[in-house]
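Visitor: Please take me closely through one part of this model, the aromatic side chains and what they sit on. Then place that part in the rest of the chain.

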Amino acid sequence: MTNSQGDAIDLRQTSDQGVRLDLVLRAQKAVLTHVLPALLNAIHDVTHYMYEPDKDDEENHTYLREVATEAVVDELASLLTHDGTHVSRRYTVSDVDGVTIDSLIACYSELLPENARAYFAQALRVTLMRYRELLDAVPDQMEL
């Protein structure tokens with residue numbers, strides 16, 4: 001396997017995160033295959049809890065989906081970190097007066113599988129095509 005510069009890539013090498021590349025890729029594949037579909041289903045469930053089709057237009061539906069995304073991600077991150085301070089409050093953009101303008105957590109579209117793959121590829125500093133090749137190259141069982 002080679003990277004975009006034509007260099008061989010050893011899937012057993014340590015990634016920038018300090019973890020074996022194959023383990024990072026396998027975890028990302030699990031997130032793409034199992035976690036994101038469940039997360040998106042949870043977001044749809046919360047969105048539909050708030051959404052009134054006979055009263056809400058598409059713009060409002062989109063807004064409610066973003067509210068639901070933030071709520072679900074906040075609760076999931078709180079569960080994973082045992083931290084009651086929501087990530088949407090920790091990762092915010094504020095103006096010069098300290099007034100919160102926006103949250104920096106992923107919006108709904110960033111959680112769609114294709115966009116998540118693009119993010120993972122960018123984080124590994126490879127093209128999306130190369131990233132797909134790397135995912136395909138990960139064996140079913142870890143090689144020691």
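Guide: Phe120 is buried, at a relative accessible area of 15%. The cut-off for buried is under 20%, so Phe120 falls on the buried side. The model is a predicted one, and every value here is computed from it.

Start with the rings. Two aromatic pairs occur in the structure. In one of them, the ring centres of Tyr119 and Phe120 are 5.9 Å apart. Their planes meet at 55 degrees, so this pair is tilted. Tyr119 has a relative accessibility of 52% and counts as exposed. The cut-off for exposed is over 50%, which means Tyr119 passes it. This pair therefore joins an exposed residue, Tyr119, to a buried one, Phe120.

Now take the pair of Phe120 and Tyr131. Their ring centres lie 6.4 Å apart, with the planes at 40 degrees, so this pair is tilted as well. It links distant parts of the chain. Phe120 belongs to helix α4, Tyr131 to helix α5, and 11 residues separate them. Phe120 and Tyr131 are both buried. Ring pairs thus tie Tyr119, Phe120 and Tyr131 into a cluster.

What do the two helices do around these rings? Helix α4 covers residues 113-123 and helix α5 covers residues 128-137. They pack at an angle of about 90 degrees, and their axes are 9 Å apart. That angle makes α4 roughly perpendicular to α5. On the α4 side, the contact is made by Glu114, Arg117, Ala118, Phe120 and Ala121. On the α5 side, Leu128, Tyr131 and Arg132 take part. By class, the contact residues are five nonpolar, three charged and no polar. Phe120 and Tyr131 thus serve twice: both are in the helix contact, and their rings pair.

Between these helices comes a loop, and Arg125 is in it. Arg125 has a positive phi of about 60 degrees, although it is not a glycine. It is exposed, with a relative accessible area of 63%. Contrast that with Phe120 and Tyr131, which are both buried.

His82 offers a second case of this backbone feature. Its phi is positive, about 55 degrees, and it is not a glycine either. His82 sits in the loop between α2 and α3, where α3 is residues 87-90. At 72% relative accessibility, His82 counts as exposed.

Step back to the whole chain. The protein has five helices and two strands. Along the sequence they run α-α-α-β-β-α-α. Of the 144 residues, 31% are buried. Contacts between residues 24 or more positions apart make up 48% of those with a separation of 6 or more.

Next, helix α1, residues 21-50, which holds Asp22. Asp22 is buried, with a relative accessible area of 6%. Its side chain makes a polar contact with the side chain of Arg20, at 2.6 Å.

Helix α2, residues 58-81, carries Arg65. His61 is in α2 too. At 13% relative accessibility, His61 counts as buried. Leaving out residues up to four places away in sequence, His61 touches Thr47, His48 and Tyr51. For Arg65, beyond neighbours within four places, the contacts are Ile43, Thr47 and Tyr108. Thr47 therefore appears in both lists, that of His61 and that of Arg65. The C-alpha atoms of Arg65 and Asp45 are 9.6 Å apart, with their positions 20 residues apart along the chain.

Last, strand β2, residues 100-103, where Asp102 lies. Asp102 is partly exposed, at 47% relative accessibility. Not counting residues up to four places away in sequence, it touches Tyr91, Thr92 and Val93. The C-alpha atoms of Asp102 and Ser88 are separated by 8.7 Å, and the two residues are 14 apart along the chain.

Back to the rings to finish. Tyr119, Phe120 and Tyr131 form one cluster through their ring pairs. Phe120 and Tyr131 also belong to the contact of α4 with α5.

Terms used
Residues are numbered from 1 along each chain as its sequence is written. This is a predicted model: local features need pLDDT of at least 70, side-chain atom pairs count only at pLDDT 80 or more; totals for chains, interfaces and linings use all residues. Side-chain values use heavy atoms; hydrogens and water are left out. Axes are lines fitted to C-alpha atoms, for helices over the stretch in contact, and angles run from 0 to 180 degrees between N-to-C directions. Helices (H or I, at least four residues) and strands (E, at least two) are DSSP runs, numbered from the N terminus. Angles under 35 degrees count as roughly parallel, over 145 as roughly antiparallel, 65 to 115 as roughly perpendicular and the rest as oblique. Contact means heavy atoms within 4.5 Å. Ala, Val, Leu, Ile, Met, Phe, Trp, Tyr, Cys and Pro count as nonpolar, Asp, Glu, Lys and Arg as charged, and the others, Gly among them, as polar. Buried means under 20% relative accessible area, exposed over 50%, partly exposed in between (1.4 Å probe, protein chains only). A polar contact is a pair of N or O atoms within 3.5 Å; within protein, one must be able to donate a hydrogen and the other to accept it, and residues adjacent in sequence count only if both atoms are side-chain atoms. Rings of Phe, Tyr and Trp (its six-membered ring) pair if their centres lie within 6.5 Å; planes under 30 degrees apart count as stacked, over 60 as edge-to-face and the rest as tilted.
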